[in-house]
Amino acid sequence: MKGKRRKHRKYRHNIRYVEFILLLLAILFFSCQWGTNKEENYLYLNGRVEGDQYDVAAKYSGKVKTVFHDEGDNVKAGEVLTTLSSKEVRAELKSALAKYRSLIATVKAKEKEVAILQKKLLASKEKLKEAEKTTSLAVKIAQDKRRAEFESLKMAEAGLKEAMATYEKAKKDFERFSTLYRRRVISGSKFDAVKLEFARAKALLDRAKAEMKIAKANLEAAEKEISIAVAKRLEVSSLKKEIEALRETIKAKEEEVNTLKEQVKSAEGVVEKIKAILSELEIKSPISGTIAERLVEPGEVIAAGQKLFTIYNLDNLYFEGYIPENKLGLIRIGQKGYITVDAYPGKRFPVKVTFISSRAEFTPKDVQTKEERVKEVFRVKLKLLENPKHILKPGMPADCFIPLEKLP
């Protein structure tokens, strides 16, 4: 009886084993059948969801003052992520601004000096122009007058000489006739005539002497006028020297101003550079996206170039996979399809082919496809057309399906 029971249990066990084998065969059959249909109707690719990664780094070293965002936060382009301590930089900026403003004030003062000197130069030029005109005319007039007065003096000298001779003759006649008159040799009328002639000769002599004196005085006055004109000519020469000196001074001042202006530009450059450094101490997001990684804490001292954040633009993700060479003719730019991910079973995410590599590559180790026997593959990218609520993230494994009936 016990033998029969053992035989019956063995029989039942064999039946269950056969049923299990049949079930496995059925599952395998239908699985292969589904795979065949999938391959017949779709181009299947295996790959990952990827995105353009933006590493945010510090341009300058410093101590982290404040961190405003954490991993998973959505940020906008230009939004401040963290700030570095700026006490030393602000002190440098204050010093640089003081130097810049001081140079600006110095330039303005020097430009004012140049403007005053230029006005003085203009006035001196006008004065020189007038002096040259009047001096030349004055010298000519004085020279002409001296020649005229010299001629008058010569005439006065000749007149005086003649008057002197007449006077001497009339004097002798008067003295001789005076003796004759006393002796009663000549008449009174004759003596009166000689006496009148002597008086006339003396008057002529006196007038000639007066004319001589006037002529000398006029000549001396003409000589003085020439001296004055010559002095004015020297004044003109002095004005010319003064003008030349002013020009040299203005030139030197202008060169000084130009040098100062160059210093102003240099100082302004220093100010702008420090301002740029100050602005760079506010670490801003280069794009609108989601922070995937935060590598910095408040109070931490960081080095120039050190990575602080990693940001992805979750509105600009793409699927990246590899297609065997023998399937390359089934895909084209612009072709649409969809992807699925394990995290959201049954949900399809539309994609569009945007890139097909022009060069073949060897199959990457992390890609498992049914065509593993094919060694050469081509990398392809398909842009995700939507990512609702940013549920897809870079790095997610994904399956891509491209309907074959849409091929031309």
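A salt bridge is a side-chain nitrogen of Lys or Arg within 4 Å of a carboxyl oxygen of Asp or Glu. In this predicted model, the side chains of Glu 223 and Arg 146 meet that description, with N and O 3.3 Å apart. Glu 223 belongs to helix H3 and Arg 146 to helix H2, so this salt bridge ties together parts of the chain that are 77 residues apart in sequence. Both ends can be reached from outside to some degree: Glu 223 is partly exposed at 33% relative accessibility, and Arg 146 is partly exposed at 31%.

A further contact of this kind joins the two helices. Lys 110 in helix H2 and Glu 256 in helix H3 lie 146 residues apart in the chain, yet their side chains form a salt bridge of 3.2 Å, N to O. Here the two partners fall into separate accessibility classes: Lys 110 counts as buried because its relative accessibility, 16%, is under 20%, whereas Glu 256, at 33%, counts as partly exposed. In general, side chains of opposite charge can pair when their charged atoms come close.

The salt bridges number 14 by this rule, and another of them is made by Asp 70 and Arg 294, whose closest N and O atoms are 3.7 Å apart. Asp 70 sits in the loop between S2 and strand S3 (74-75), and Arg 294 in strand S6 (residues 289-294), with their positions 224 residues apart in the chain. Asp 70 is partly exposed, with a relative accessible area of 38%, while Arg 294 is buried at 18%. Glu 297 joins these two residues in a network of salt bridges.

Aromatic contacts also bring helices H2 and H3 together. Eight aromatic pairs are found in the whole structure. In one of these, Tyr 42 and Phe 401 have ring centres 6.0 Å apart and planes at 80 degrees, so the pair is edge-to-face. Tyr 42 lies in strand S1 (residues 42-57) and Phe 401 in strand S13, 359 residues apart. Tyr 42 is partly exposed at 24% relative accessibility, and Phe 401 is buried at 10%. Tyr 181 and Phe 191, by contrast, are stacked, with 4.6 Å from centre to centre and 10 degrees between the planes. This stacked pair links helix H2 (residues 87-182), which holds Tyr 181, to helix H3 (residues 188-280), which holds Phe 191, across ten residues of sequence. Tyr 181 is partly exposed at 31%, and Phe 191 is buried at 11%. Both belong to a cluster of ring pairs that also takes in Tyr 167, Phe 174 and Phe 198.

Turning to the strands, S5, S4, S2 and S7 form an open antiparallel sheet in that order. Its edges are strand S5 (282-284) and strand S7 (301-302), each of which pairs on one side only. Within this sheet, strand S2 (residues 62-67) pairs with strand S4 (residues 80-84) over three bridges, and Val 67 stands opposite Thr 82.

Antiparallel pairing also joins strand S9 (residues 336-341) to strand S10 (residues 349-356), over four bridges, with Tyr 338 opposite Pro 350. The ring of Tyr 338 also has the charged end of Arg 348 over it, 4.1 Å from the ring centre. S10 is joined in turn to strand S12 (residues 376-384) by five bridges, again antiparallel, and Lys 352 has Lys 383 as its bridge partner there. A second charge-over-ring contact places Lys 381 over the face of Phe 355, 5.9 Å from the ring centre.

The largest nonpolar core has 25 residues, and Ile 339, Leu 382 and Leu 392 have the most contacts inside it. At least two residues each come from S1, strand S8 (307-324), S9, S10, S12 and S13, with S8 giving the largest share, five residues. Among the residues that Ile 339 touches are Val 49, Phe 319, Val 351, Leu 384 and Leu 392. A second, separate core has 24 residues, including Ala 58, Val 89, Ala 96 and Ile 311.

The loop between S12 and strand S13 (397-403) holds Lys 389, and His 390 lies in this loop too. Most residues other than glycine have a negative phi. Lys 389, however, has a positive phi of about 55 degrees, as does His 390. Lys 389 is exposed at 83% relative accessibility, whereas His 390 is partly exposed at 22%.

Conventions
Residues numbered from 1 in each chain as written. Predicted model: local features only at pLDDT ≥ 70, side-chain atom pairs only at ≥ 80, totals over all residues. Heavy atoms only, no water. Pairing = 2+ DSSP bridges. Buried < 20%, exposed > 50% of the residue type's maximum accessible area, 1.4 Å probe, protein only. Phe/Tyr/Trp six-rings, centres within 6.5 Å; stacked < 30°, edge-to-face > 60°. Lys NZ or Arg CZ within 6 Å of the ring centre and 35° of its normal. Core = buried A, V, L, I, M, F, W, Y, C linked by side-chain atoms within 4.5 Å. Contact = heavy atoms within 4.5 Å. Lists of a residue's contacts leave out its neighbours within four places in sequence.
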